[in-house]
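Student: I am new to this structure and should like to understand the terms applied to it. May I ask about them one at a time?

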Amino acid sequence: MTDISASIVRRDAAAKISGRAAYVADLAVEGVLHARTVRSTIAKGAILKVDVPPLPEGVYTVDHSDVPGENGVKIIFKDMPVFAEREVRYIGEPILLVCGPDKEVVDEIARTIVVTYREEPAVFAWIDSKAHYAYHKGDSDKAFQNAARIHTETFETGYQEQAYLEPQGMVGYPEADGKITLVGSMQCPYYVKNAVLGVLACDDAGIRVIQAETGGAFGGKEEFPSLTGAQVAVAVRKTGKPVSLLYERTEDVEVTTKRHPSKITLSAALDADLRVIGLKATVGLDAGAYLGLSGVVLSRALIAATGAYTIPHLSVSGDAYRTNTVPTGAFRGFGAPQMFYAVEQLMGHLAASLGFDPVAFKRRHLARQNDETSTGGRFRDPILLPSMIDDVLERSDYKRKRRAFAKDGAWKGIGVSVFFHGCGFTGSGEATHIKARVRLEKDADGRVVVRVASADMGQGSSTALAKIVAGVLGRPADTVFVPHPDTDLAPDSGPTVASRTTMIVGGLLARAAAKLKEAWVDGVVQSAEERYVQPDFIRWDEEAFHGDAYPAYSWGVTAVEVEVDRRSCAVTLKGVWSSYDVGTAIDELLALGQADGGVTQGIAYGYLEKMEIRDGRLRQRNFTDYVIPTASDVGPTDTVFVDNPFAYGPYGAKGLGELTLIGGAPAVTAAIEHAIGRRITKIPATPENLLELIEHGQD
Amino acid sequence: MVADRIPDTKAEALALLAAGGGPVVSGGTDLMVKRRRWGGLTPMIPDKAVYVANIAELSYVKKTGGSVEIGAETPLAVLLDHPFTPALLRAAIRETAGPGIRNTATLAGNLVNASPAADPALALHCLSASVRLESARGVRTVALSDFATGPGRTLLLPDELLTAILVPADDAWKTMFVKVGGRKADAIAKVSFAGAVKLDGGVLTAFAAAFGAVGPTILRSFAIEAKVIGLSPADVRERLTDLSAAYADVIRPIDDQRSDAHYRKTVALNLLADFIRSI
């Protein structure tokens, strides 16, 4: 363990433990108007009429006609309106806000507003592709023509809800100079700012966005707050008063983005030595009613088509389909969890049908340093998977359990997944779209404030970034401060997404800190700035989907042991063993928190968290019915970080946040398959599904 | 004023109910959720509701004659640790909700809420418990098997208060409680089972099997139970197929957002089989 990995007390610990931390619902704003959203009750149709009862003094409605600029929320496109105007496309789509000082009155008026629709047939089938990508490598047709064996399977994955601590919330208020300030629970203050600029049609100085304390986000607060931010800004502009829009949990679950359901068909071509030499992948994602980030999610899924393996001949294509359902969006892993689930299952099933141990079969295909990536880039850095696998097998006692459980019909099983995560934005996103900037501000007493747009949303980035800056400066960590981002004070260092904060933003901060150290004069106010410059070796052709999709890759191996109750098919986790290569762990306890939280969320995605839509309406709308794990459901975890410093990362750090989720679902599914002796192709593998498999499934 | 509706004594509570007060709010853990509104607004509970959780005289556990008598306002957390709590009820309470809810939730609330998925109610059903219903007009005792008439519906009249639960005290019961929830804590049962059996001289002298979340009310079949009285455990095991078939006829679960009918029925019968094999 390097010095930087030795843990310090989290920056946010005291405020959170004492209850002082101010989340968005804790903000007391004088004279605030409480906003309630009136939403579509149908999946598709035209709005014919909106009947609003006479409004008491001081109560307002805010709808599309109040939008001064463009009625579209900029995410990548502006395809989603701030308020529905002539048509609605999903149940829960916002039509207007009711705002007033008295919640009782606002609630009553929101309930009595009648929207008349002309209903149209809703589309739930995946037929309307709004994003399509494809790429090829080698000669997959030839590989399939000459194959000794071909194996094809289709895998399905369901929705997953982020289940952050506090629901979405945004508060806005007018400043004396006409500026509107927004404070909210969010990951990406500049996403919110840029979306609102277009909606208000104002100049850069017209909007200020500040992140409130945020209790988890997991991608759910990446693009969604751009919508609530735009709505609140329009309401503040119209009323001239502070406006607070706080979602209830059920409302939040019903209308906010979640993980894309997927259907993935994989065909593998094997040569005479029983090696997978060719792969064809067809990927479908349900984007919901608006495309949002779905195209980018799709591209990350497609790039991961080979899993952690090198397969020379590839043909990969995918579509994100528009349906009349709640829009899906960013969620930790961003398309990779779906793809890795499918590939890992495919490899496991192939191994079983060929008489291999699944781990032994996977080992035959592992990507190695200097191999070509799926998109013809290169894995430049050392890949430690073989020794990581050895370590996980040994700690989990895999070989003995694998034999013993199979023999005595114990309804116990153990499974292993191998995976990676591409760190940072896909392709040239950092250089062409984000162009991150950071600034350090030193006062006369030598205190240094870190000005970045990165949001600490519970993952601990304020602690990690402080450690990096203090470490480079050679000064105590408690002289470095990382406030919640404020767009009036911090430059745009990009969104807090894509496992980029430590590696990219932390890397820029390390360089800025080196500059500041060089120029350091005691007793003088000083500052230092840095901006992102793409390393020369990264080359990515967006059109051709060719080249280095990521500057670096983090790697992981996870083993899960389960016991299945033979009466109820209920799954109990007996143990979770993982090994992760994140370059360098900047703070070991923080990293463990990320790892154990991530793997738990990933495992739950595989066997527990079930969300279905019927006729456009979610069936599980609260945490009674949408089952996320409690502490009683989590098995013991045993987690190791291996050192493999990345030359371009601060102290050698690579991405961490998303990696740890990715191996959970395939590992737990493989373990359940081992326990019940049936093949699983659909997650979540709920007890109801397992019963069905036991009664009718395939060995 | 709400304060007027928080009686300190049973007599005051009955008087309020006699004067048209109600509904009764006990621990509130179901009602507060069902009637919740937008955050910051109080739940939609009528002004004339009567809040009985403060009535000290209704919070007790005692042995009387052949019964354990439990005051209706005794919190589940107290029952979890009380030496007189029947083992089957204790097992059910251990799997009910989480510690926070158990600190305020009561058996009375659990029974009057009349959910077929309720955990403590399932154990009490299996133990042939009864409830004491009091009003200004008088007192009556109703068997739990008759009390619930549907989801959220019971024989309780608007002026009546459920004041006590009477459980036949018998340490000779051999019992099993299994709750199958979506997760291992803070869950609502997808299907649940409570079994109780008494053996004397190598034969069954009593047998009870109660099923949760497989119909509109908790299910017990006295007709099927009567068939096994007097048999030896080996005889009962031999008739498992017939017994399962008999229960399969009366277990009629539904599909909903938590599970499906086929799963519920299959698992309910698996749990029954498991219990019978354990006798």
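Tutor: Please do, and bear in mind that this is a predicted model. Let us begin with A:Leu274, which counts as partly exposed because its relative accessibility is 26%, and the partly exposed range lies between 20% and 50%.

Student: Where is A:Leu274 placed, and what is notable about its phi?

Tutor: A:Leu274 lies in the loop between strand 13 (262-270) and strand 14 (276-288) of chain A. Its phi is positive, about 60°, although A:Leu274 is not a glycine. Most residues other than glycine have a negative phi.

Student: Why is A:Phe545 called buried or exposed, whichever applies?

Tutor: A:Phe545 has a relative accessibility of 5%. Buried means under 20%, so A:Phe545 counts as buried. This residue also has a positive phi, about 55°, without being a glycine. Its place is the loop between strand 21 (540-541) and strand 22 (546-547) of chain A.

Student: Which residues does a cis peptide bond join in chain A, and what is omega there?

Tutor: The cis bond joins A:Ile683 and A:Pro684, with omega about 5°. A:Pro684 sits in the loop between helix 17 (664-676) and helix 18 (687-696) of chain A. In chain B, a cis peptide bond joins B:Gly22 and B:Pro23, and omega is about 5°. B:Pro23 is found in the loop between helix 1 (10-18) and strand 1 (24-25) of chain B. As a general matter, most peptide bonds are trans.

Student: Into which domains is chain B divided, and how far apart are their centres?

Tutor: Chain B is divided into domain 1 (3-168) and domain 2 (174-278). Their centres, taken over C-alpha atoms, are separated by 25 Å. The contact takes 23 residues from domain 1 of chain B and 24 residues from domain 2 of chain B.

Student: What area is buried between domain 1 of chain B and domain 2 of chain B?

Tutor: The buried area is about 1,700 Å², and carbon and sulfur atoms give 67% of it. On the side of domain 1 of chain B, B:Pro116, B:Leu122 and B:Cys126 lose the most area to domain 2 of chain B, together 34% of what that side buries.

Student: What makes the pair B:Lys179 and B:Asp119 a salt bridge?

Tutor: The N to O distance between their side chains is 2.8 Å. The cut-off is 4 Å between a side-chain nitrogen of Lys or Arg and a carboxyl oxygen of Asp or Glu, so a Lys and Asp pair at this distance qualifies. The count between domain 1 of chain B and domain 2 of chain B is one salt bridge. Across that interface there are also seven residue pairs in polar contact.

Student: Which element gives the most to the side of domain 1 of chain B that touches domain 2 of chain B?

Tutor: Helix 7 of chain B does, with six residues. By class, that side of domain 1 of chain B has 13 nonpolar, eight polar and two charged residues.

Student: How do you know whether B:Leu204 is buried or exposed?

Tutor: Its relative accessible area is 1%. The limit for buried is under 20%, so B:Leu204 is buried. B:Leu204 belongs to strand 12 (residues 203-212) of chain B. Among the residues that B:Leu204 touches are B:Val197, B:Val228, B:Ile229 and B:Ile279.

Definitions and conventions
Residues numbered from 1 in each chain as written. Chains lettered and ligands numbered in written order. Predicted model: local features only at pLDDT ≥ 70, side-chain atom pairs only at ≥ 80, totals over all residues. Heavy atoms only, no water. Helix = DSSP H or I, 4+ residues; strand = E, 2+ residues; numbered from the N terminus. Buried < 20%, exposed > 50% of the residue type's maximum accessible area, 1.4 Å probe, protein only. Domains from an automatic or database assignment. Contact = heavy atoms within 4.5 Å. Buried area = accessible area lost by both parts, 1.4 Å probe. Polar contact = N/O pair within 3.5 Å; in protein donor to acceptor, adjacent residues only side chain to side chain. Nonpolar A, V, L, I, M, F, W, Y, C, P; charged D, E, K, R; others polar. Lists of a residue's contacts leave out its neighbours within four places in sequence.
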